[in-house]
Amino acid sequence: MPKTIKKPSSLFSISGKVAVITGASGAFGRVAATALAVEGARLALVAGNARALAETAAECRAAGADVVEILRRPSTIADAEEIVAQTVDTFGQIDILVSAAGTNDVAPIQEMDVARFEAVMHANVTGSWIMAKVVADQFIKQATGGKIVLMSSARGILGHPAGYSAYCASKSAIDGIVRALGCELGKYNITVNAIAPTVFRSDLTAWMFEDTERAVKTREGLMPRIPLGRLGEPEDLAGPLLFLSSAASNFYTGHILYADGGYTAG
């Protein structure tokens, strides 16, 4: 007889789980932090901007979450090991990694030098790979499995005429890491997935939601390509994140979940 699921919604519970969130002061990192805080997770918030990190931490504490702030960027293995050590010292374990640290540098390829390209790749790709490596080591040590969620983008499979050669390349690389690690780490009961949004509301994109001439013109050019007819909101990312962070996604690994209103479908 098949196993009966008495309460399917219970699969989405992350209450008491310990989540490490890098880039916690950035657009997606802040959404991730507050969403998981509201759902009862204990949080290690990691960022390089002290003021913005403190603001995110305050929001999470106001939601009732236990929080440790780690003022650090995951630039090296040593950085990642220190992040993991501080988290384990505080909470005793790690259950979830959300790697949201990253950057963009928009310029035509003729104007972008190698150093600028490599800076984007290091922030978006190498940093995520480093965190996945070190947190996976901790998951294996704990022998409890774990959840790794990386940050991709619709630009991982779509180009852009405005000078996104570094950013698009970095997100394509994230997609490759997700698929490779999904295969590699499955034997340890570690799932590896990514969320790939299109434009969603944040401090950086707030202007696109306004009624200015520039914003209206931008939306008019973009909306015909989004079947659901609107830009993304933070809650559009919170739901997929909860799924990928919880037992609801225990049989789901190596996938890119496009939170894009259908943008990449057409």
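**Loops, rings and a helix crossing**

Student: Where does Ile226 lie in the chain?
Tutor: Let's start with how the elements are named: helices (H or I, at least four residues) and strands (E, at least two) are DSSP runs, numbered from the N terminus. On that numbering, Ile226 belongs to neither α6 (213-222) nor α7, but to the loop between α6 and α7.

Student: What kind of model is this, and from which pLDDT do side-chain atom pairs count?
Tutor: Residues are numbered from 1 along each chain as its sequence is written, and side-chain values use heavy atoms, with hydrogens and water left out. The model is predicted: local features need pLDDT of at least 70, totals for chains, interfaces and linings use all residues, and side-chain atom pairs count only at pLDDT 80 or more.

Student: Is Ile226 buried or exposed?
Tutor: Buried means under 20% relative accessible area, exposed means over 50%, and partly exposed is in between (1.4 Å probe, protein chains only). The relative accessibility of Ile226 is 2%, so this residue counts as buried.

Student: Which residues does Ile226 touch?
Tutor: Contact means heavy atoms within 4.5 Å. Residues up to four places away in sequence are not counted, which leaves Leu231, Asp260, Gly261 and Tyr263.

Student: Where is Leu237, and what is its relative accessibility?
Tutor: Leu237 has its place in helix α7. This residue counts as buried, because its relative accessibility is 1%.

Student: Which residues is Leu237 in contact with, leaving aside neighbours within four places in sequence?
Tutor: Leu237 sits in helix α7, and two of its contacts, Phe28 and Val31, are also among the α1 residues that meet α7. The full set is Phe28, Val31, Ile195, Pro197, Phe200 and Ala259.

Student: How do α1 and α7 cross, and at what angle?
Tutor: Two packed helices are described by the angle between their axes and the distance between the axes. Axes are lines fitted to C-alpha atoms, for helices over the stretch in contact, and angles run from 0 to 180 degrees between N-to-C directions. The axes of α1 (residues 27-38) and α7 come within 9 Å and cross at roughly 65°.

Student: Which residues of α7 are met by α1, and how do the contact residues divide?
Tutor: From α1, Phe28, Val31, Ala32, Ala35 and Leu36 meet Pro234, Leu237, Ala238, Leu241 and Ser245 in α7. For the division, Ala, Val, Leu, Ile, Met, Phe, Trp, Tyr, Cys and Pro count as nonpolar, Asp, Glu, Lys and Arg as charged, and the others, Gly among them, as polar. The residues of this contact are 9 nonpolar, 1 polar and no charged.

Student: How many aromatic pairs are there, and what are the centre-to-centre distance and plane angle for Phe12 and Phe243?
Tutor: Rings of Phe, Tyr and Trp (its six-membered ring) pair if their centres lie within 6.5 Å; planes under 30 degrees apart count as stacked, over 60 as edge-to-face and the rest as tilted. A search of the whole structure finds 3 aromatic pairs. Phe12 and Phe243 make a tilted one, with values of 6.5 Å and 40°.

Student: How many residues apart in sequence are the parts that this pair ties together?
Tutor: Phe12 lies in the segment before β1 (18-22), while Phe243 is in helix α7 (residues 234-245). The pair therefore ties together parts whose separation in sequence is 231 residues.

Student: Which ring pairs edge-to-face with Phe243?
Tutor: Phe243 is partly exposed, with a relative accessible area of 21%. Its edge-to-face partner is 5.2 Å away centre to centre, with 75° between the planes, and ring pairs link Phe12, Phe243 and this partner into a cluster. The partner is Tyr252.

Student: Which ring lies under the charged end of Arg214?
Tutor: A charge sits over a ring if NZ of Lys or CZ of Arg is within 6 Å of the ring centre and within 35 degrees of the ring normal. Here the charged end of Arg214 is 3.7 Å from the centre of the ring of Trp207.

Student: What is the phi of Ala143, and what is the phi of Asn189?
Tutor: Ala143 is in the loop between α4 (114-142) and β5 (146-151), and Asn189 is in the loop between α5 (165-185) and β6 (190-197). Ala143 is not a glycine, yet its phi is positive, about 60°. Asn189 is not a glycine either, and its positive phi is about 65°.
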